[in-house]
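The following paragraphs offer a guided reading of one protein model. Please keep the sequence and the structure in view while reading.

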Amino acid sequence: GDNRVILETPSRQYRLSDIPELLHGDQRELYLRSFRYNVTADPGVSVDCWFTKKKDTTPTGYKTNVEMSSDNFYSPEGIEVEEVLGGKGDGTIDAASLSLCERWNSTRSIRYGGRCHG
């Protein structure tokens, strides 16, 4: 699974798999329902997948001094972001998301250096 940190608080690092804990009601149901369709599976047709992993890319996550809870998550005031976490990618999308297609058997993968998303 994907273990990238998307939100860091003083006491915990949240990953995508932790998101349902913060959602409730219709939003939680819609989020969980979206995983019924595996949009990351090999499409079974020839795919040319090309990308770069060398450019600084933000945001990949956020850091805050506020502890998360459903109440804070849904607060009309929002939460203050202390730091935007970044990593490498194409300047828009992070490398882990871009390289997903490398896991597909039907893919010819080409990595470029220094090119931007677009």
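In this predicted model, a useful starting point is the salt bridge between Asp56 and Lys88, whose closest N and O atoms lie 2.5 Å apart. This pair links distant parts of the chain, since Asp56 belongs to strand β4 and Lys88 to strand β5, 32 residues apart. Asp56 is exposed, with a relative accessible area of 61%, whereas Lys88 is partly exposed at 43%.

Other charged side chains are joined as well. Salt bridges that share partners connect Arg12, Asp18 and Glu21 into one network. Within this network, the side chains of Arg12 and Asp18 meet at 3.1 Å, N to O, and those of Glu21 and Arg12 meet at 2.9 Å, N to O. Asp18 counts as buried because its relative accessibility of 12% falls under 20%. Arg12, at 29%, and Glu21, at 48%, are both partly exposed. In general, side chains of opposite charge can pair when their charged atoms come close. The structure holds eight salt bridges, among them those described here.

The strands that carry Asp56 and Lys88 lead on to the sheet. Four strands form an open sheet with mixed pairing, in the order β2-β1-β4-β5. Its edges are β2 (13-15) and β5 (83-89), each of which pairs on one side only. Neighbouring strands of this sheet are turned by 40° against each other on average, direction ignored.

Further inside this order, β1 (residues 5-8) and β4 (residues 55-63) pair in the parallel sense over two bridges. Glu8 has Lys63 as its bridge partner in β4.

Conventions. Residues are numbered from 1 along each chain as its sequence is written. This is a predicted model: local features need pLDDT of at least 70, side-chain atom pairs count only at pLDDT 80 or more; totals for chains, interfaces and linings use all residues. Side-chain values use heavy atoms; hydrogens and water are left out. Two strands pair if DSSP finds at least two bridges between them. Axes are lines fitted to C-alpha atoms, for helices over the stretch in contact, and angles run from 0 to 180 degrees between N-to-C directions. A salt bridge is a side-chain nitrogen of Lys or Arg within 4 Å of a carboxyl oxygen of Asp or Glu. Buried means under 20% relative accessible area, exposed over 50%, partly exposed in between (1.4 Å probe, protein chains only).
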